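The following exercises introduce a structure step by step. Please study the sequence and the model before reading each solution.

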Amino acid sequence: AELFLLQVIFDHEGIFLHPTPDEGSPDQDLLVSGSLRIIEKDAEILVEYRPLEDSVDPSNMLCAGQKKNYTNGETESKFANSSKQELSLFSGFQRVKSGSLNHSHERSRWAFSVNISDLKSITVKEEGWTFLILQLKDSSSSVPALHFHQGGSREFLDSLRRFALLTKSPEDETRLLVSTPNKALSQSFENLLDDNNFGLIHKFKRDPYVATLGGFSKVTNYIYDALRGTEEQQQRPPEEVADLLGEVIPGLEINQQEEPGFEVITRIDLGTRPQVSRVEPVSADYWSKHQDPEGRIENEAALRQRIFKGGLCHAVRREAWKFLLGYYPWTSTLEERKSLQKTKTDEYFRMKLQWKSISEEQERRNSRLRDYKSLIAAEKDVNRTDRTNRFYEGLNNPGLTLLHDILMTYCMYDFDLGYVQGMSDLLSPILFVMENEVDAFWCFVSFMDQMHQNFEEQMQGMKTQLIQLSTLLRLLDLAFWNYLESQESGYLYFCFRWLLIRFKRELIFSDVLRLWEVMWTELPCQNFHLLVCCAILDSEKQKIMEENYGFNEILKHINELSMKLNIEEILQKAEGIYLQIRSCKDLPHSISSILGFDTQHRVSSQADSGSRPVQQQDACSNGHCRDNRPQNSCRGVFTS
C-alpha cells in the first residue's frame, strides 16, 4: 500500500454548509454540519471539508444574531472578526436528527478537498456570523460557502496564511486574493537553497523572467504566483518588481522615490584605489605566541588585524573561532575557559533534553515544534547540507546527526525564531571546524546573534542591507548603478542570497571558512561584507555593461558566478575599496554611518593601526541619512 505522510494543520468542527436548490439540495432549509481541516499530505496543502453524520434542521435553530434588526446586510461591529463573538452567535442553535438524509450518500456528496494552489480568492462575509466563499481558479468548479456559526474563521485564515499570501482585492475589500508559495514565507528558503543549476536552464528557456528570479531566493517562492498572475493580475513587467516585492514580503519594500532631504551623491572623485596585499594565514606557532602563561590572549588588536589580513590556518580555527565569535572572552585564562565550557555543556544538554524527552502526545499538541522538526528533518534540510564535504558525506553520517541535534536544540534556545531554512548552511562550517557538538552550538548561537534579523519574518535586516549596499554602490560607481537602475536592477535583489547566508552558496567550502573568519574580526569597519559585495560587482560590471545585459541576463549572470569566485582577490579589492572610501576627508553622512566611521576617531593612520573600531548600532538603520551640511569636495547631489 502507498504510504502518505499526513499532518493536520487546522481542525475545527461545527462548520456548516447552507445548500441551495441550485447546488442540488432537495430541501432549501437543509443545513450540513461538518469539520473543516487544513492538512499537509504528501507535501501538498489541502483544505478539506467532511460532513458529520447528522444534518441540521434550521427550523429548530435560533440564531442569536437574528435578535437584532440588521438592514442592508449590515451587522453590528461587535460581531466582526471575533471568534468568541462568533461562538456566542451559535449559543441558541440546537442540532436535531433528520431522517431526510441518506447519510453515506449525502456525506460523500458534500465532502470536498481543495489544494490551496487551486484557490483564487476567499470572500469574507458577515450576516450575524462569518461565512467564507472559496473561489477556485477553475471557474467551472465551485465549492459551497463555509458558515462558521461556532467561530473559528479567524483561526482558519491565520492557519492558511502560513502557506499562502492573502491580500485584499483593490476592487472588493471583502475579497482576499490567494497566492500560494511552495512553503510558508517565514519558514521556506527552498528556492534560495536549491542547487544553483538544477533545472535553471530549462526553466530559463521556458520563462526567463520567473526562472532567473527562481534561482536566487525565497523571495521567488513567495512571488512566483504573483509574477505569473491570475486572470485579474497578469504577469508584471520588470519595472514593477520592486512594488511587487513590497506587496508580498512585509518589510522588504523599498521606496522608489527619494524622500526629501536625503543626502545623495553624484560623481565623487574618491581618488586612486590603493593596491592591497594579503599575508599568510596565522599559524599555530604565531597564535601560541600571543598567549601569556595563564592562557590569556595578548595584544588582541594586533592579532585581529593579522587574522583580517591573512585568515587562519586550519589547525588554529577550532580555538580561534571561539574567540572571534565571542564564545570565549579574549581576556579569559585557560582555567576560566575550562570552567565556562563545563557550564555551557550542562546548559546545552539541559536544552537538548527538553526536545528529546517530549512525548508523541505532547508533540501532537505543539504545532510550532512539529513545524521546526519537519523543516529540519522531514524537509531534509540536514540531509542535503554540504553532502560533498567529507565531514557530511555518506549514509548514516554522524555529522548529520550532530547537525540535526544542534538545530533542534537551537529551537529550544530561541523558540520565537526556531528554525528557518538556511540556518543549516550557517551551522555546517562551524560544526565542521569544531568537531564538537557543544562548542559548535554556542559558536552558532553567537553567529545567529549577528544574523538573526536576516531570518525574521519581517525581514528588516535584509531590507536594511539591500538599501545600504545600493547606497555604497552609488558612491563607488554611479555610472554602473545608473545602468542597473535602467535595467530595473537598482535595488540589487540579485544580491539577496549573498547577504542572507553570507556567501555560503557562492564560494567553495574552504573559501567560506576564510571569508567568515575575516569578517568576524570586525575589521576594518562595520558592514565589511557589503564592501565584499561591492568588490564582486566591481569585477563583473564591465561584462554586464559591455554585453548590455538586461534584467534577466543580470540575474542569470550573477547566479552563475557561484563556485567561480576567488576569495583572496575579492578580499584584496574589498579592502582597497575600504581604504579608498576612508581616505575621503568629508564623506556623506550616510556612508560614514553605514561603515561605522561616525564612531571612530578620524585619523588617517587608523586604517593601518590595527586598532579595533568601536561597534555601535547604525545611526541610520537603512543607510539613508539626512544631512544638511554644505557641499564640499567629497560630496554632491544625486540628480534624477
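Buried means under 20% relative accessible area, exposed over 50%, and partly exposed in between (1.4 Å probe, protein chains only). The model is predicted, so local features need pLDDT of at least 70 and side-chain atom pairs count only at pLDDT 80 or more, while totals for chains, interfaces and linings use all residues. Residues are numbered from 1 along each chain as its sequence is written, and side-chain values use heavy atoms, leaving out hydrogens and water.

**Exercise 1.** Determine how the rings of phenylalanine 308 and phenylalanine 528 are arranged.

Solution. Rings of Phe, Tyr and Trp (its six-membered ring) pair if their centres lie within 6.5 Å; planes under 30 degrees apart count as stacked, over 60 as edge-to-face and the rest as tilted. A search of the whole structure finds 26 aromatic pairs. For phenylalanine 308 and phenylalanine 528, the centres are 5.4 Å apart and the planes stand at 70°, so the pair is edge-to-face.

**Exercise 2.** State whether phenylalanine 528 is buried or exposed.

Solution. The relative accessible area of phenylalanine 528 is 4%, so this residue is buried. Phenylalanine 308, at 2% relative accessibility, also counts as buried.

**Exercise 3.** Compare the span of helix α24 (residues 567-582) with the expected value.

Solution. Helices (H or I, at least four residues) and strands (E, at least two) are DSSP runs, numbered from the N terminus. The expected span is 1.5 Å times one less than the number of residues. For the 16 residues of α24 this should be 22 Å, and the end C-alpha atoms are 22 Å apart, which agrees. Twelve of the 16 residues of α24 are buried.
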